[in-house]
There are 2 protein chains.
Amino acid sequence: MREFKKKARILLVDDNSEHLRGIKELITLETNYDIVGATTSANIGINLVKKYRPEIVIMDVNLPEKDGLQAIQEIEKLGLDTKILVLSGYDDPDLIFRAMKIGAKGYVLKTMSSAQLVYAIDEILAGKFYLPSALSSRFFDYFQQSFREENETSAEENLLTYLTSREEEVLELLTQGNNYKGIAGKLFISETTVKTHVNNIFQKLQVNDRTQAVLYALNNGFGKRVRAKISA
Amino acid sequence: MREFKKKARILLVDDNSEHLRGIKELITLETNYDIVGATTSANIGINLVKKYRPEIVIMDVNLPEKDGLQAIQEIEKLGLDTKILVLSGYDDPDLIFRAMKIGAKGYVLKTMSSAQLVYAIDEILAGKFYLPSALSSRFFDYFQQSFREENETSAEENLLTYLTSREEEVLELLTQGNNYKGIAGKLFISETTVKTHVNNIFQKLQVNDRTQAVLYALNNGFGKRVRAKISA
DNA sequence: TATGATTTAAATCTTTAGATTGATAAAATC
DNA sequence: GATTTTATCAATCTAAAGATTTAAATCATA
């Protein structure tokens, strides 16, 4: 399939040195792959990425010194277009979600078949993403769960709809941390007018102060922005 | 494969009546499916869901009166465990993302093969999610893009790390809209102590007032919550 | 044990925020 | 054309927020 293409340069990072050897042998059988490095250290791995600029990094997320997710972030920050395939012993949805969130191109379990690993590598090298069906389901379950509360509340009555367009402008400036003077200056109106608007906003949103108003705005999709219940 | 199982009840919603007939015929060929309804109206579709409680709804997202996404949300709100497969003429990442966000179990293009449609239906009936490889890539590109800004900023210096644990508690209560008195009461300390903490928080976060402090906290992953740049 | 960081607290002062009342003019709606 | 809504502004007042200084007790740790 890829026989005549340039060999893909691969870097392996896995804290288990036996497993590291296993993958290494397996990949060496594939004539299209060229292993440029294999290490049990996340930090060394990052340096090897800088040095050899592999097309793809196969990264274990259970590393001793530095956790794999952090290593992924640091590799992503290099801006080298290095594709990262996560190799993990856990099918924890949160772990899958976070890995994909920070830029991984795929996530496979250590229990997978060697054929599946090769398939995953090829898909990712072709510019696609790869998640096995079971992990994909876990990902989407978690993904949808994290938005469920939002979907429910967005259907309820949103007090923001009662605001006039001018009040929305004022609230927008409140959500940017402005005080009365700042808002008055930006809207070219007097401070007392701003106070009037702000007081009307409080009434309509049924809150007591600006902080609560800002929180209500952010939690209710103000300005087409929403808060996702997603752990960092 | 599913020959001996109970027939899956399917509802079709598509504004194009010709396309509706086409899918209907195609699905009727499958002995395992039972079409309980087919309509060009989103509102009628929702009522048919209530009436027949199909296992799966194949939903076009380009509907005239009510848009498909809204219809999906209303069906989800019924809490009937109805699985929804989106059928769309567009591979727009935002559309795919929003459909999956609000609970769709799959998304396929109208240009797909009939075999792929049947495969998608079977996967979803089996409790899985289904996105064709190309759409999956679009989804994840969009998904990662929406978190890119956050990933970048989270790597920068986060002033929140300078807060003491007590200051974090105070800030947490600030992000819930409490005033001095409320915080003092909840932490069983005096109001003046709270003022001291809050002032120290302002210094450390380099802000001037509580609203700005709250905004900084929310925008910098305070309390394992992050703000996703995702359009509603 | 000496040192620095944390948590607690009070006193004082200035500034800002918020509530309330009243008023005018333009714009939209009926 | 009358009425309601919206946007504007002022004045006044109270309450809350924020800045600053000082200080004592606790706690971790070098």
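A polar contact, as the term is used here, is a pair of N or O atoms within 3.5 Å. In this predicted model, one such pair joins Lys195(B) to DNA strand D, where a base oxygen of the strand is 3.1 Å from an N or O atom in the side chain of that lysine.

**Surroundings of DNA strand D**

Around DNA strand D there are 17 residues, and those that come nearest are Thr164(A), Arg166(A), Ser190(A), Asn199(B) and Asp209(B). Of the strand D atoms within 4 Å of the protein, 69% belong to sugar or phosphate, while the rest belong to bases. Two of the nearest residues, Arg166(A) and Asn199(B), also have side-chain contacts to the backbone of the strand: an N or O atom in the side chain of Arg166(A) is 2.7 Å from a phosphate oxygen, and a polar side-chain atom of Asn199(B) lies 2.5 Å from a phosphate oxygen.

Both chains contribute helices to this surface, since at least two residues each are supplied by helix H7 (165-174) and helix H9 (191-205) of chain A and by helix H9 (191-205) of chain B. H9(A) gives the most, with four residues. Sorted by class, the residues of the surface near DNA strand D comprise three nonpolar, 10 polar and four charged.

**Surroundings of DNA strand C**

DNA strand C has 17 residues around it, of which Asn179(A), Asn199(A), Thr164(B), Arg166(B) and Ser190(B) come nearest. Sugar or phosphate accounts for 73% of the strand C atoms within 4 Å of the protein, and bases account for the rest. Phosphate oxygens of this strand are approached by side chains from both protein chains, with Tyr180(A) at 3.4 Å, Arg166(B) at 2.6 Å and His197(B) at 2.9 Å. The elements that give two or more residues to the surface near DNA strand C are H9 of chain A together with helix H7 (165-174) and H9 of chain B. H9(B) provides the largest share, four residues, and the surface as a whole divides into three nonpolar, 10 polar and four charged residues.

**Side-chain contacts to the two strands**

The table lists the contacts described above.

| Residue | DNA atom | Distance |
|---|---|---|
| Arg166(A) | phosphate oxygen, strand D | 2.7 Å |
| Asn199(B) | phosphate oxygen, strand D | 2.5 Å |
| Lys195(B) | base oxygen, strand D | 3.1 Å |
| Tyr180(A) | phosphate oxygen, strand C | 3.4 Å |
| Arg166(B) | phosphate oxygen, strand C | 2.6 Å |
| His197(B) | phosphate oxygen, strand C | 2.9 Å |

Methods: Residues are numbered from 1 along each chain as its sequence is written. Chains are lettered from A and ligands numbered from 1 in the order in which they are written. This is a predicted model: local features need pLDDT of at least 70, side-chain atom pairs count only at pLDDT 80 or more; totals for chains, interfaces and linings use all residues. Side-chain values use heavy atoms; hydrogens and water are left out. A residue is near a molecule or strand if one of its heavy atoms lies within 4 Å of it. A polar contact is a pair of N or O atoms within 3.5 Å; within protein, one must be able to donate a hydrogen and the other to accept it, and residues adjacent in sequence count only if both atoms are side-chain atoms. Ala, Val, Leu, Ile, Met, Phe, Trp, Tyr, Cys and Pro count as nonpolar, Asp, Glu, Lys and Arg as charged, and the others, Gly among them, as polar.
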